[in-house]
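Notebook open, structure loaded. I want the fold first, then the helix packing, then the rings.

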Amino acid sequence: MRDITELLKQARRGEQQAEDLLLDRIYSELHQLATRFLSNERPDHTLQASALVNEAYLKLFGKKSTEWENRAHFYVSAARTMRRILVEYARADTAAKRPS
């Protein structure tokens, strides 16, 4: 069984099988991370953990320029990406509530 660091390198090179296997291996950890972040948000937050994971995944893998050194580097990047998404979401929500 390949480890996450190796799968990250292979996915970076564009190997679709590695990217699919990587998603299967990391999804539950990313979902737990998203759940933790959302537990600190307001109770009526409309963004769900699955949607946060999906958005973060698209941002992380949408641009192939990121080269993660290892598993820890990837998870730090994922956490930062999720925080940025939540901040962007809050800004958009606040802007929508402002009178024109």
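**Fold.** Reading along the sequence, I get the pattern α-α-α-α. I count four helices and zero strands in the chain. Note to self: this is a predicted model.

I checked burial over the whole chain next. Of its 100 residues, 34% come out as buried. I also looked at contacts between residues at least 6 apart in sequence, and 59% of these join residues at least 24 apart.

**H1.** I started at the N-terminal end, with helix H1, residues 4-12. Which residues of H1 are buried? My list reads Ile4, Thr5, Leu7, Leu8, Gln10 and Ala11. I recall the general rule that an α-helix has 3.6 residues a turn, so residues three or four places apart point the same way.

Thr5 caught my eye, so I looked it up: its relative accessible area is 17%, and it counts as buried because the cut-off is under 20%. What does Thr5 touch, leaving out residues up to four places away in sequence? I find Glu69, Asn70 and Arg71.

After H1 comes Gly14, and I noted its positive phi, near 95 degrees.

**H2 against H3.** Two packed helices are described by the angle between their axes and the distance between the axes, and I looked up both. For H2 (residues 16-39) and H3 (residues 49-62), the axes come within 8 Å and cross at roughly 125 degrees. That angle is why I log H2 as oblique to H3. The hand of the H2 and H3 crossing is right-handed.

Who makes the contact? From H2 I have Glu19, Leu22, Leu23, Ile26, Tyr27, Leu30, His31, Ala34, Thr35 and Leu38. From H3 I have Ala49, Ser50, Leu52, Val53, Asn54, Tyr57 and Phe61. Sorted by class, the contact of H2 with H3 has 12 nonpolar, four polar and one charged residues.

**Leu33.** I stayed on H2 for one more residue, Leu33. Is Leu33 buried or exposed? Leu33 is buried, with a relative accessible area of 13%. Leaving out residues up to four places away in sequence, Leu33 touches Tyr75, Ala79 and Met82. I took the C-alpha to C-alpha distance from Leu33 to Tyr75: 9.2 Å in space, with their positions 42 residues apart in sequence.

**Rings.** How many aromatic pairs does a search of the whole structure find? I get five, and I wrote up two of them. A pair of aromatic rings is described by the distance of the centres and the angle of the planes.

Phe61 with Phe74 is a tilted pair, 6.0 Å centre to centre and 45 degrees between the planes. This pair links distant parts of the chain, as Phe61 is in H3 and Phe74 is in helix H4 (residues 71-97), 13 residues apart. Both Phe61 and Phe74 are buried.

Trp68 with Phe74 is edge-to-face, at 5.1 Å centre to centre and 85 degrees between the planes. I checked burial here too: Trp68 is buried, and so is Phe74.

Which residues form the aromatic cluster? I find Tyr57, Phe61, Trp68, Phe74 and Tyr75 together in one cluster. Going back over my entries, Tyr57 and Phe61 were also on the H3 side of the H2 contact, and Tyr75 was on the list for Leu33.

Methods. Residues are numbered from 1 along each chain as its sequence is written. This is a predicted model: local features need pLDDT of at least 70, side-chain atom pairs count only at pLDDT 80 or more; totals for chains, interfaces and linings use all residues. Side-chain values use heavy atoms; hydrogens and water are left out. Axes are lines fitted to C-alpha atoms, for helices over the stretch in contact, and angles run from 0 to 180 degrees between N-to-C directions. Helices (H or I, at least four residues) and strands (E, at least two) are DSSP runs, numbered from the N terminus. Angles under 35 degrees count as roughly parallel, over 145 as roughly antiparallel, 65 to 115 as roughly perpendicular and the rest as oblique. A crossing is left-handed if the near helix is turned anticlockwise from the far one by less than a right angle, and right-handed if clockwise. Contact means heavy atoms within 4.5 Å. Ala, Val, Leu, Ile, Met, Phe, Trp, Tyr, Cys and Pro count as nonpolar, Asp, Glu, Lys and Arg as charged, and the others, Gly among them, as polar. Buried means under 20% relative accessible area, exposed over 50%, partly exposed in between (1.4 Å probe, protein chains only). Rings of Phe, Tyr and Trp (its six-membered ring) pair if their centres lie within 6.5 Å; planes under 30 degrees apart count as stacked, over 60 as edge-to-face and the rest as tilted.
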